[in-house]
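Visitor: Please take me on a close look at the aromatic rings here, along with whatever sits around them. I'd like the cut-offs as we go.

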Amino acid sequence: MTTSTPSAPGPGGARPAAPPPLPQTLLLLGATGDLAGRLLLPGLGRLVADGAQPGLMLVGSGTDDWDDERWRRRVADSFATVGADGPRVAELIRATRYLPADVTREEDLRRLLAACHGQLVIFFALPPTVTARTAAALSRIGLPPNARLMLEKPFGTDAVSARSLNDILARLVAEDQVHRIDHFLGKSTVVNILGLRFANRIFEPLLSSTHVACVDIVFDETLGLEGRAGYYDGVGALVDMVQSHLLQVLALIAMDPPPTLEARDLRGGKAQVLRATRVWDDDPERWSRRARYTAGVIAGRRLPAYVDEPGIDPARQTETLAEVVLAVDTWRWAGVPFRLRSGKALSGRRKEAVVTFKQPPRVPSGLIGYDQPDRLRIGFGPDQLGLDVNINGPGNPMELDQVHLVADFGPGELPPYGEVLRGAFEGDPTLSVRGDTAEDCWRIVAPVLEAWRTGAEPLREYPAGSHGPGDSLLAPAAGERR
Ligand code: BG6
């Protein structure tokens, strides 16, 4: 998946030698934070261990008063979590530097930029308001023309701030040099939605309102807050998961087939479908749910109530579970509900997109026991593809049973953050979120956030380790089994 086109043969048919790639520097802002240590550096380690980006230099920066030694230990520890080693990894760790800085200040940014060489990639692992102030400061001092910017989600805090951040970024670099990160787009099973849909004859013709009853995109986690109060309490489940990751999955499932998987076509297809997406019936009070967990036990582990976790302000009314039903108003999907849900501290992990098909127009009388529709399941952990189909089961040959066909996927070549970093290093924005799409994702959830802010939709509670609130919008229909 690349945006580059083969260069034309030179005179006599010989291809001109490709210019050697510029050495690159990854400038990591927010380097001492949780995201960098847990996800970003491990992804980088795997990428470097696999031989990508020879000569890459890493510069870390944060407000903590660390020195190079302490920083190198953090990089080495993070790399070790994914078994990233070898001479390239050792060289990167040896050469990496840490510079304490307040990146919203121009003089600090100048100092950081002076420490970088070659092709510059800046990763903003920062809260959205700090990202906006940093981008504004950068726009006053300027950037090398070929710089690439990687911005972690959430991109802004609402549609207006996302638009204003887009405006600042547009003054800094071209849109294709902005990589708005959604690491779900680096998950191999998520990307595989494209292969499943567009490289097979058997599913794509069925994916429309003619045949599909509903689409569920669910990401239920057993994990609770995991010490991330500083980030999570200002965000909540809707913004953390639905506004970002789950809408990207929706776009891949609902988009029309693009002519190529180049950035322009793929991102254009996703943008079109998200532009057509809105809350079902335009009624967020009826078609959204929010809840937060109380104390409970998950797999023998006792979890305190969300509001009793250190750093939580109960007055914020932050939800740890969000559900919303969306309509995709296109010819293909009109009338099909897309039900999105994500929650923390639930009894079990359920991470999948499920396409539920309508009943066959008529099940011949004589076939007994039709009670479940067919379903296509795309699992995001475990990474699986599943198909639930009705067959004449064993025993009475006229009696129907449902069988579950399952194929396990192998792990992706790289962890998701390795994949999105590779995109930025190679200058390929295919797996990043385009600016207008980032704004549209805020537009889609804005009515829900507003209904929640005014209290029109109450904040429910569920014990940690339960299935979530009882009146889920994803409750199975009568006669349907999970
Ligand atoms: C992150 C969210 O973006 O995605 C987390 O901030 C969530 O709250 C995580 O747990 C889920 O992604 P993954 O890749 O860990 O399954």
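**Rings and their surroundings**

Guide: Let's start with a cluster: Tyr232, Tyr293, Tyr306 and Tyr462 are joined by ring pairs. Here, rings of Phe, Tyr and Trp (its six-membered ring) pair if their centres lie within 6.5 Å; planes under 30 degrees apart are stacked, over 60 edge-to-face, and the rest tilted. Keep in mind that this is a predicted model, where local features need pLDDT of at least 70 and side-chain atom pairs count only at pLDDT 80 or more, while totals for chains, interfaces and linings use all residues. Residues are numbered from 1 along each chain as its sequence is written, and side-chain values use heavy atoms, with hydrogens and water left out.

The structure has seven aromatic pairs. One of them is Trp71 with Tyr98, and this pair is tilted because the ring centres are 6.0 Å apart and the planes sit at 40°. The two come from distant parts of the chain, 27 residues apart, with Trp71 in helix H2 (residues 68-80) and Tyr98 in strand E3. Helices (H or I, at least four residues) and strands (E, at least two) are DSSP runs, numbered from the N terminus. Trp71 and Tyr98 are both buried, meaning under 20% relative accessible area, with exposed being over 50% and partly exposed in between (1.4 Å probe, protein chains only).

Now for Phe184 and Phe219: their ring centres are 5.1 Å apart and their planes at 55°, so this pair is tilted. Again distant parts of the chain are linked, 35 residues apart: Phe184 belongs to the loop between strand E6 (178-180) and helix H7 (188-198), Phe219 to strand E7 (residues 212-220). Both Phe184 and Phe219 are buried.

Phe184 has a charged companion too, since Lys187 lies over the face of its ring, 4.6 Å from the centre. To count, NZ of Lys or CZ of Arg must be within 6 Å of the ring centre and within 35 degrees of the ring normal. Arg180 does this with Phe155, at 4.9 Å from the ring centre.

Stay with the loop between E6 and H7, where His183 is also found. His183 counts as buried because its relative accessibility is 16%. Setting aside residues up to four places away in sequence, His183 touches His245, Pro416, Tyr417 and Val420, contact being heavy atoms within 4.5 Å. As for H7, its buried residues are Thr189, Val190, Ile193, Leu194, Leu196 and Arg197. Their cover includes helix H9 (236-254), helix H10 (263-275), strand E15 (375-380) and strand E16 (383-392).

One more ring deserves a stop: Phe123, in strand E4. Phe123 is buried, with a relative accessible area of 0%. Not counting neighbours within four places in sequence, Phe123 has contacts that include Leu26, Leu35, Met150, Ile181 and Tyr417. Its C-alpha is separated by 9.1 Å from that of His179, 56 residues away along the chain.

Strand E4 (119-124) is also among the elements that the buried residues of helix H4 pack against, together with strand E1 (24-29), strand E2 (57-62), strand E3 (97-100) and helix H5 (128-141). In H4 (residues 106-114), those buried residues are Asp108, Leu109, Leu112 and Leu113.
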